[in-house]
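Biologist: I should like to learn how to read the features of a protein model. May we go through one together?

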2 protein chains.
Amino acid sequence: MQRASSKLKRTHYSKDISPELNGEEVIVCGWVERVRNLGGLMFVILRDREGSVQVTFSKKNRELYEKAKNLGKEYVVAVRGTVKAMENAPRGAEIIPEELIILNVAVSPLPLDPTGKVDANLDTRLDNRVLDLRRPKVNAIFRLRHNVIKFIRSFLLDEGFMEVQTPKIIASATEGGAELFPISYYEREAFLSQSAQLYKEQLSSVFEKVFEIGPCYRAEESRTVRHLSEVYVVDVEAAFADAEDVMALLERLIHHVLTKVTEECKEELSILERHIEIQKPPFPRYTYTEILEILEKKGIPVAWGEDIPTPAYRELGETIKGFYFITEWPTKGKPFYIKPKEDKSEICEAFDLMYEWIELASGGTRIHEKELLVKRLREQGLSPSSFEFHLKTFDWGMPPHAGWGMGLDRLMMAIVGAENIRECVFYPRDRDRLIP
Amino acid sequence: MQRASSKLKRTHYSKDISPELNGEEVIVCGWVERVRNLGGLMFVILRDREGSVQVTFSKKNRELYEKAKNLGKEYVVAVRGTVKAMENAPRGAEIIPEELIILNVAVSPLPLDPTGKVDANLDTRLDNRVLDLRRPKVNAIFRLRHNVIKFIRSFLLDEGFMEVQTPKIIASATEGGAELFPISYYEREAFLSQSAQLYKEQLSSVFEKVFEIGPCYRAEESRTVRHLSEVYVVDVEAAFADAEDVMALLERLIHHVLTKVTEECKEELSILERHIEIQKPPFPRYTYTEILEILEKKGIPVAWGEDIPTPAYRELGETIKGFYFITEWPTKGKPFYIKPKEDKSEICEAFDLMYEWIELASGGTRIHEKELLVKRLREQGLSPSSFEFHLKTFDWGMPPHAGWGMGLDRLMMAIVGAENIRECVFYPRDRDRLIP
């Protein structure tokens, strides 16, 4: 079927063009990646989202040849032509054009080289993100991200989890107010949600196994390579479960995702020159105290009860490879909703999932008894009255429950081997960056 | 395997208990929905997320019977016992308990009846949402919502769309600033995103077919049954496509979702006493001018070019049943990025998908030429300089493209037959409601 020439409609993606189509008429659409003019012959490499294909213009078709001479890099075109099997061509086939429509032009020079041959610094790349995303390695990261989300979701659905959406506009802080963004909400002040925590806990008292993949917001004080002001989090909560249950779930999830990525994203991994080690559960576990002992031996003493500082994590990542858990954290350093151990309340049933030096996920058994929750709020210097909307739900049959939140962007860092979280987020937001 | 009694671990959900399990030991966990004490026998209906099952305590086991006497509504329990086939019992089987653990208590009376027998007004329901969500009809709506999202996503993935995440914190308005929520963003002012529009357009110049299911924010001036301040939107954008292409996609999507809901959500539809009419594509199409003519005949004149007011839509919904499109809108009433018709620029290539009186989706062919886009911005009274970060991407090879945004919460209204959008959102946010 041939459409009116002003409306050439793609019949094939570039990757579909093969010697088997020899002699067939096709319509391809995409971007001009490269033009090589040998005088009588002009080779145009046309890129679409599936790859690229060679279109060969010759002086035999003078009118078309002259039109093609106007093509610049990243021009958007539609080409109708005939496939010609051709051993030397990139796909064993090229397209001999019969019609060329220039759908849009592009400026020259572009602020960034979309072929990826000329590198650029991160700020230039982020300022011109759309061009950056056309670079093969960057493009591969986001195709991987798309697949990773797909694998995570199908895993959780298969495990019987229900997808929920919790509000991102909230009345009070989940875990203290230091890192909140205030919003002018009609005549009041509201905040951007730091976490789905309280809502997912509430919903676990109805739907038992719930998950959400959505944005969370933190007004990070410092500039680091692993923090952003807007991050995507995979949030999971399960009723009638404890920390052990949800750690096992998390291990199975990571194993599933790594396996699927290795099986189904070979091309992306190859572009990124990335080899994935599929780590089988159980993952190594270290108690907080054991981690302190390891650090002590390395000459990095941390006082029991204190946070582990970033340089110490960096050092740990040098020794402990792959994914591992840190368990049995001091209660005072963890959020109020984490359950202290029944026989030793200065330690709590919290865990972090680490990948080398980066904390990927954090979770634990939650407190399900209101009285203890109120006590813990007070101990953390928070006012129970600010949490009244949440506390009352503990009067209505709150089951024992446990869960975790995993940074999706950080998981992507681990999978693609990125040193900066900004490599893995379409349009990162931080103190210094609000556009594009 | 029997666990230490303080850690009874569910072996079966309520729905799994059947006469075939006669004589087997099971452990169930859940909420006490009802207690009926006949003196020597006490029937406890235990509810979990899959349904409910009868646990029968008798004085033969005096200690357990006495313990069970303490049970109140919505107490959380774990029960270990033996299945007994029993014709009169709800599932043809009941559980004869051997061990009962009270995992948590609930207050009495509850602020809302979670069985759904006693109705309550919407505000009371939303104030006590977790209890409300336990009511069978409300519960069914959210299980349906979970499934609808699943069906939408799998449809779009099968159609070759890639999932993306666009920022919700933005520097300037997408479509004028009237309905924006301002955020204190470090030392600057930022806004909550009204729409993924500009970002999804940009990303279509890289990944061609993209979608996002995520929150959008509008500071709605008025209180209505179909607006909220936080809504979930299914956003789709496709390169080398026009309005016709994405309307056809939308029709196929709606048809797919309705078919899947009918096939896979029979129980939920039955609880809601809802019959779904599976409407096959193509859906009826009316131009804006034709709609005005219909309204004129009904005695509701609307001047050409004006918005169609809500009462007029209500009246339309009385006449036109099911899903239908309104096309060929006046250019001046549609956003700046919608493409005017080439032969008649006062009309544009926009469409709305309606379900009776409710607008479900809005979309169209986009402008892909920078010059025209700048012209349209000016005509809409917007400043091109505020859109510089977006306009420059039109210099880099922007393909022709088209797309739509569909209100997920509104689609749920259509599917479950709700008259108020708040029925379909876990924790709705509006002018008056910021908690829970």
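Biologist: How many salt bridges does the rule find across the interface of chain B and chain A?

Modeller: Please keep in mind throughout that this is a predicted model. A salt bridge is counted where a side-chain nitrogen of Lys or Arg lies within 4 Å of a carboxyl oxygen of Asp or Glu. Across the interface of chain B and chain A, eight salt bridges are found. One case is the pair Arg153(B) and Glu163(A), whose side chains meet at 3.6 Å, N to O. Over all chains, the structure holds 89 salt bridges.

Biologist: Which parts does the salt bridge between Arg285(A) and Glu251(A) tie together?

Modeller: The side chains of Arg285(A) and Glu251(A) meet at 4.0 Å, N to O. Arg285(A) belongs to strand β12 (residues 285-287) of chain A and Glu251(A) to helix α6 (residues 243-264) of chain A, so this pair ties together parts that are 34 residues apart in sequence.

Biologist: How many residues of chain B are in contact with chain A, and how is the interface described by area?

Modeller: In chain B, 101 residues are in contact with 101 residues of chain A. The area buried between the two chains is about 8,400 Å², and carbon and sulfur atoms give 59% of that area.

Biologist: By what turn can chain B be laid on chain A?

Modeller: A turn of 180°, with a shift of 0.0 Å along the axis, lays chain B on chain A with an RMSD of 0.0 Å. The two copies are therefore related as by a two-fold rotation axis. In chain B, the C-alpha nearest this axis belongs to Ile183(B), 2.2 Å away from the axis. The same surface serves both copies, since 100% of the contact residues of chain B recur in chain A.

Biologist: How should I read the empty space, and how many cavities of 30 Å³ or more are there?

Modeller: The general idea is that rolling a probe the size of a water molecule over the atoms shows where empty space is left. In this structure the count comes to eight cavities of 30 Å³ or more. The largest cavity holds about 190 Å³ of space.

Biologist: Which residues lie nearest the centre of the largest cavity?

Modeller: They are Arg153(A), Ile213(A), Gly214(A), Arg153(B) and Ile213(B), from a lining of 21 residues. Two or more lining residues come from each of α4 (136-158) and β10 (209-217) of chain A, and from each of α4 (136-158) and β10 (209-217) of chain B. The lining divides into 11 nonpolar, four polar and six charged residues. Arg153(B), named here among the residues nearest the centre, is also the partner of Glu163(A) in the salt bridge described earlier.

Biologist: What should I look for in the backbone?

Modeller: Most residues other than glycine have a negative phi, and most peptide bonds are trans. Here, the peptide bond from Pro281(A) to Pro282(A) is cis, with omega near -5°. Pro282(A) lies in the loop between α7 (266-271) and β12 of chain A. In chain B, a cis peptide bond joins Pro281(B) and Pro282(B), with omega about -5°.

Biologist: Where is Tyr186(A) found, and what is its phi?

Modeller: Tyr186(A) is in the loop between β8 (182-185) and β9 (188-192) of chain A. Although Tyr186(A) is not a glycine, its phi is positive, at about 50°.

Notes
Residues are numbered from 1 along each chain as its sequence is written. Chains are lettered from A and ligands numbered from 1 in the order in which they are written. This is a predicted model: local features need pLDDT of at least 70, side-chain atom pairs count only at pLDDT 80 or more; totals for chains, interfaces and linings use all residues. Side-chain values use heavy atoms; hydrogens and water are left out. Copies are superposed by least squares on the C-alpha atoms of residues with pLDDT of at least 70 in both. Contact means heavy atoms within 4.5 Å. On a 1 Å grid over the protein atoms alone, a cavity is a set of points where a 1.4 Å probe fits but cannot get out, and a pocket is an open set with protein on both sides within 12 Å along at least five of seven lines; lining residues have an atom within 4 Å of a point. Grid points are joined across faces, edges and corners, and a volume is the space filled by probe spheres set on the points. Helices (H or I, at least four residues) and strands (E, at least two) are DSSP runs, numbered from the N terminus. Ala, Val, Leu, Ile, Met, Phe, Trp, Tyr, Cys and Pro count as nonpolar, Asp, Glu, Lys and Arg as charged, and the others, Gly among them, as polar. Buried area is the accessible area (1.4 Å probe) that two parts lose on being put together, summed over both.
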